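I opened the notebook to go through one structure by its side chains. My topics are a pocket, charged pairs and a few single residues.

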Amino acid sequence: MSELDRLIDIMKKLRSEEGCPWDRAQTHESLKAACIEEAAEVVCGINIYENTGNADNLQEELGDLLLQVIFHSVLAEEEGLFQFEDVAKRVADKMIRRHPHVFGEDKYADEAARSAAWEKSKKEEKAGKEWQEEYLKDAMEESEKLIQKAKKRKGFI
């Protein structure tokens with residue numbers, strides 16, 4: 001069993017009837033703050049690594065951020081929406097699609113042409129989903145508020 005499969009199994013156990021009441025009570029909504037906070041802690045881990053050469057905190061914080069992805073994926077699986085494998089497949093397919101110069105024929109003369117092709121691919125992927133962009137501004141503002149709450153909770157303000 002891979003460590004990733006082990007982590008998924010652990011999260012499913014935590015969400016089960018014999019698991020943890022706190023984990024069972026969580027929803028996508030209730031986990032927003034943790035997701036934002038863990039992403040900020042990854043930034044901290046990167047800064048620690050860049051300034052000290054010590055990657056221990058970065059490894060820990062990347063694990064915590066991965067746990068958020070797993071947690072939301074397990075919730076989605078319980079809701080019949082998708083599984084972690086679907087999330088991984090979708091991003092893997094996207095990376096291959098957006099990097100034909102690596103995974104296919106390099107048909108671009110230079111970096112500018114490669115960049116233009118990447119933008120074109122991204123635009124094609126978003127076609128018909130332009131309405132989703134309307135939610136981003138509110139999500140950014142909500143994220144800022146969640147960061148402020150985290151700062152307050154941790155005693156930074």
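My entries follow in the order of the look-ups.

**Entry 1: the model**

I note at the start that this is a predicted model.

**Entry 2: the pocket**

I began with empty space. How much space lies in the largest pocket? I read off about 1,300 Å³. I then looked up its lining, which comes to 28 residues. The closest to the pocket centre are Phe82, Val87, Arg90, Lys126 and Gln132.

Which helices each supply at least two residues of this lining? I listed helix H3 (32–52), helix H4 (56–78) and helix H5 (84–98). Helix H7 (111–126) and helix H8 (134–153) are on the list as well. I sorted the lining by class next. I got 12 charged, 10 nonpolar and 6 polar residues.

**Entry 3: salt bridges between helix H3 and the end of helix H8**

I turned to charged pairs. The count comes to 14 salt bridges. I picked out a pair that links distant parts of the chain: Arg153 sits in helix H8 and Glu37 in helix H3, 116 residues apart. The side chains of Arg153 and Glu37 meet at 1.9 Å, N to O.

Are the two partners buried or exposed? Arg153 has 54% relative accessibility, so I wrote it down as exposed. Glu37 has 13%, so I wrote it down as buried.

Glu37 has another partner in my notes. The side chains of Glu37 and Lys154 form a salt bridge at 3.2 Å, N to O. Lys154 lies in the segment after H8 and Glu37 in helix H3, so this pair ties together parts that are 117 residues apart in sequence. Lys154 counts as partly exposed because its relative accessibility is 43%.

**Entry 4: a salt bridge inside helix H8**

I wanted a local pair to set beside these. Lys137 and Glu141 both lie in helix H8. They are 4 residues apart, about one turn of the helix. Their side chains meet in a salt bridge at 3.0 Å, N to O. Lys137 is at 58% relative accessibility and so counts as exposed. Glu141 is at 34% and so counts as partly exposed.

I also traced salt bridges that share partners. They join Glu37, Glu41, Arg153 and Lys154 into one network.

**Entry 5: two buried acids with no salt bridge**

I looked for buried charges without a partner. Glu61, found in helix H4, is buried yet has no salt bridge. Which side chain of opposite charge is nearest to Glu61? I found Lys154, at 7.6 Å. A salt bridge needs a nitrogen-to-oxygen distance within 4 Å, so I could not list the pair as one.

Glu38, found in helix H3, gave me a second entry of this kind. Glu38 is buried and has no salt bridge. Its nearest side chain of opposite charge is Lys154, 7.4 Å away.

I then checked contacts, leaving aside neighbours within four places in sequence. Glu61 is in contact with Glu38, Glu41 and Val42. Glu38 touches Glu61, Asp64, Leu65 and Gln68. I note that Glu41, a contact of Glu61, is also a member of the salt-bridge network.

**Entry 6: Cys44**

I looked up Cys44, found in helix H3. Is Cys44 buried, exposed or partly exposed? With a relative accessible area of 38%, it is partly exposed. I also took one distance. Cys44 and Asn57 are 13 residues apart in sequence, and their C-alpha atoms are 8.2 Å apart.

**Entry 7: Arg6**

My last look-up was Arg6, found in helix H1 (residues 3–15). Its relative accessibility is 45%, so Arg6 counts as partly exposed. How far apart in space are Arg6 and Val91? I got 21 Å, C-alpha to C-alpha, for a separation of 85 residues in sequence.

Key:
Residues are numbered from 1 along each chain as its sequence is written. This is a predicted model: local features need pLDDT of at least 70, side-chain atom pairs count only at pLDDT 80 or more; totals for chains, interfaces and linings use all residues. Side-chain values use heavy atoms; hydrogens and water are left out. On a 1 Å grid over the protein atoms alone, a cavity is a set of points where a 1.4 Å probe fits but cannot get out, and a pocket is an open set with protein on both sides within 12 Å along at least five of seven lines; lining residues have an atom within 4 Å of a point. Grid points are joined across faces, edges and corners, and a volume is the space filled by probe spheres set on the points. Ala, Val, Leu, Ile, Met, Phe, Trp, Tyr, Cys and Pro count as nonpolar, Asp, Glu, Lys and Arg as charged, and the others, Gly among them, as polar. Buried means under 20% relative accessible area, exposed over 50%, partly exposed in between (1.4 Å probe, protein chains only). Lys and Arg count as positive and Asp and Glu as negative; His and the chain ends are not counted. Contact means heavy atoms within 4.5 Å.
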